[in-house]
Amino acid sequence: MKTQTIGLTLLIALLAVASVSAAQAPIDLGTAADFGVLAATAVTNTGPTVIANDLGISPNDDSSITGFASIDSGPGVVNGDIHAADAVAAQAQVDLTTAYNDAAGRVTDAVVISSGELGGLTLTPGLYQSGVSSFAISAGDLTLDAMGNDSAVFIFQMPASTLTTISNTRVILVNQTSPCNVFWQVGSSATLGTNSAFEGTILALASVTLTTGADLQGRALARTGAVTLDSNDVSFSCAPPVIPPTNQTNTTIPPTNQTNTTIDACYDWLKDIPAVCVGGTITVNTDLVTFDNCRHITCVNDTNTLEITACEKPDEINPTYFEMYRTEWTGTGIEVCLGDACLTNDGLSGFATQEFPVCIGDATSPIPPETPPPSEACFSQLQDIPASCAGAITQDSASGACRTVSCSSSVGSVDVLSCEKTDSSGTYFEMYRQSWTGLPPRLCLGNDCLQPGWGYERGDYFPVCIGTTTPVNETAQTTTLSIAPWFPQGGNYVFICNAGFTATSYDWTYGDGSKLLDYSQNNVYHSYASGNYDVTCTAKNAQTSSTGTLTITV
């Protein structure tokens with residue numbers, strides 16, 4: 001057994017950590033995969049909870065389920081089936097036990113997080129163990145980066161203790177990370193904090209509690225105890241989420257099957273936004289029966305179906321944005337849009353969101369427009385790079401090699417710390433989200449932007465150039481290709497393309513006949529069979545390109 005340990009006490013100045021563990025096989029959930037919520041003793045709900053998939057309880061029966069419209073006229077809604085003390089629920093509990101034991105039994109190539117604190121980290125696929133038995137997300141957001149591999153698996157082990165998140169924290173999935181490939185093995189109970197956003201399947205030995213407003217893109221599965229809910233959204237889609245769009249203005253919606261359409265208008269309420277179905281016909285377009293801050297839309301064609309649920313956030317009294325979840329789908333070729341938030345049935349997008357007001361056609365949103373950076377310029381220091389945001393910049397100060405920029409909009413605010421860093425290719429900068437309120441606006445330094453929901457962004461190498469300006473001597477720079485720390489693990493590799501200039505995209509050739517072209521990231525994950533392979537990476541921008549090569553033996 002091999003393990004790696006990450007000590008966090010020395011990372012005070014570094015708010016995001018990238019780490020890499022070996023590739024893991026997914027956890028087979030069996031029939032438990034159909035359930036958004038599964039418990040043994042009780043499922044209790046308070047408030048307008050929506051469970052997009054099945055709800056189950058075993059061995060207790062439906063007398064232990066409370067707070068749902070179909071059970072006791074409660075405020076909760078279950079869009080899937082309810083199984084209480086029947087053969088389906090019993091088998092799901094058996095399969096849950098098998099899955100839990102599988103997750104708990106993984107030991108090979110584990111990475112130990114010594115403090116158990118995951119907040120502020122950026123982690124790549126692998127197996128992670130807590131050095132103190134429990135995991136917490138309390139020091140910021142946790143970002144999971146699949147590095148372009150939508151099959152990459154993350155497993156977190158808490159062998160004898162708890163999983164807790166504090167209020168307003170998020171688990172953020174980037175670069176094709178799928179929530180259905182994220183697993184949390186909890187040795188006792190899991191608690192998600194108020195208004196937090198969590199991703200993945202929770203496999204708890206005892207209980208799972210979602211406090212008020214906590215949302216789960218995944219599953220809450222409790223082996224021996226209860227699942228407690230309070231005004232939550234619980235859904236899962238085995239597809240990577242899309243990054244929320246920002247500053248949506250002056251957008252034209254396709255006219256295909258558009259219902260209740262008003263052109264050139266802005267909308268402050270979800271119920272008023274025209275629904276659009278491309279590739280099919282809308283057959284259902286209604287508010288959910290028990291409360292009025294959600295919509296359910298179904299679009300069908302001759303052979304395929306797409307069903308979505310959209311809900312206002314943070315509540316129906318003063319909504320600032322809405323979220324869309326794909327609940328059921330078959331086949332491909334259908335797209336449903338509300339404003340600029342769109343979902344498809346092609347397996348590529350299971351979640352979308354957009355700020356209010358939602359504007360269509362030539363109508364202009366009152367959200368402050370972004371201040372664009374200069375059209376052409378190069379900058380050799382971090383403090384000189386123009387800052388812009390989807391709102392108004394309220395602070396911009398430098399201290400040593402770091403810089404803090406704050407932005408505020410009508411729907412939220414964000415504070416971003418950026419610092420200069422140096423590696424073998426030169427000096428670049430990194431951006432870290434320190435704090436935020438509401439839906440944080442996008443904030444950019446030059447062409448590098450920290451999007452809503454992101455906790456980390458790696459910036460360009462200096463000189464940082466904007467527009468069509470070419471850095472001095474840029475064409476003379478070279479590109480090198482290296483293997484990430486802790487790799488290879490068997491036939492699994494993570495490659496890093498180190499460009500000596502400001503690259504905007506990368507072409508990868510893996511040497512086994514497969515390629516990845518025009519990729520936005522300078523690192524990729526790839527698996528090989530035994531043999532010799534010549535790997536290349538071509539870093540490029542509008543002015544120049546350079547190729548790095550590496551030969552590996554697997």
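**Notebook: cysteines, cores and strands**

**Entry 1: Cys 359**

I began with Cys 359, which is buried, with a relative accessible area of 2%. A reminder to myself: this is a predicted model. I read the label "buried" as following from the cut-off, because a residue counts as buried under 20% relative accessible area. Which strand holds Cys 359? I found Cys 359 in strand 34. I also looked up a spot elsewhere along the chain: Asp 340 is 19 residues away from Cys 359 in sequence, and their C-alpha atoms are separated by 8.8 Å.

**Entry 2: the partner of Cys 359**

Next I asked which residue forms a disulfide with Cys 359. The partner is Cys 266, and the two sulfur atoms lie 2.0 Å apart. I noted for myself that a disulfide is a covalent bond between the sulfur atoms of two cysteines. The torsion about this S-S bond of Cys 266 and Cys 359 is about 105 degrees, so I wrote the disulfide down as right-handed. Cys 266 belongs to strand 25 (residues 265-267) and Cys 359 to strand 34 (residues 358-360), so the pair ties together parts that are 93 residues apart in sequence. Is Cys 266 buried or partly exposed? Cys 266 has 33% relative accessibility and therefore counts as partly exposed.

**Entry 3: the other disulfides I opened**

How many disulfides does the structure hold? I have seven on record, and I looked up two more of them.

One of them joins Cys 402 and Cys 419, with the sulfur atoms 2.0 Å apart. I read a torsion of about 110 degrees about the S-S bond of Cys 402 and Cys 419, so this disulfide is right-handed. Strand 38 (residues 402-408) holds Cys 402 and strand 39 (residues 412-423) holds Cys 419, so the pair links parts that are 17 residues apart in sequence. Cys 402, at 24% relative accessibility, counts as partly exposed, while Cys 419 is buried, with a relative accessible area of 4%.

Then I turned to Cys 497 and Cys 537, joined by a disulfide with an S to S distance of 2.2 Å. The link of Cys 497 and Cys 537 has -100 degrees about the S-S bond and is left-handed. Cys 497 sits in strand 46 (residues 492-499) and Cys 537 in strand 50 (residues 532-540), so the pair ties together parts 40 residues apart in sequence. Both Cys 497 and Cys 537 are buried.

**Entry 4: around strand 50**

Since Cys 537 had led me to strand 50, I looked up its pairings. Strand 47 (residues 505-509) and strand 50 run antiparallel and are joined by five bridges. Here I saw Tyr 506 standing opposite Ala 539 in strand 50. Strand 50 also runs antiparallel to strand 51 (residues 545-553), with nine bridges between them. My cysteine turns up again in this pairing: Cys 537 stands opposite Gly 548 in strand 51.

**Entry 5: nonpolar cores**

Last, I looked at the nonpolar cores. The largest has 42 residues, and Leu 118, Leu 142, Phe 156 and Trp 184 have the most contacts inside it. I picked Leu 142 and set aside its neighbours within four places in sequence; its contacts include Leu 118, Ile 137, Phe 156, Arg 170 and Trp 184. Apart from the largest core lies another core of 23 residues, and I listed Leu 306, Ile 308, Leu 343 and Val 358 among them. A general note for the margin: in soluble globular proteins, nonpolar side chains tend to be buried together.

Note on methods: Residues are numbered from 1 along each chain as its sequence is written. This is a predicted model: local features need pLDDT of at least 70, side-chain atom pairs count only at pLDDT 80 or more; totals for chains, interfaces and linings use all residues. Side-chain values use heavy atoms; hydrogens and water are left out. A disulfide is a pair of cysteine sulfur atoms within 2.5 Å. Helices (H or I, at least four residues) and strands (E, at least two) are DSSP runs, numbered from the N terminus. Buried means under 20% relative accessible area, exposed over 50%, partly exposed in between (1.4 Å probe, protein chains only). A nonpolar core is a set of buried Ala, Val, Leu, Ile, Met, Phe, Trp, Tyr and Cys residues joined through side-chain atoms within 4.5 Å. Contact means heavy atoms within 4.5 Å. Two strands pair if DSSP finds at least two bridges between them.
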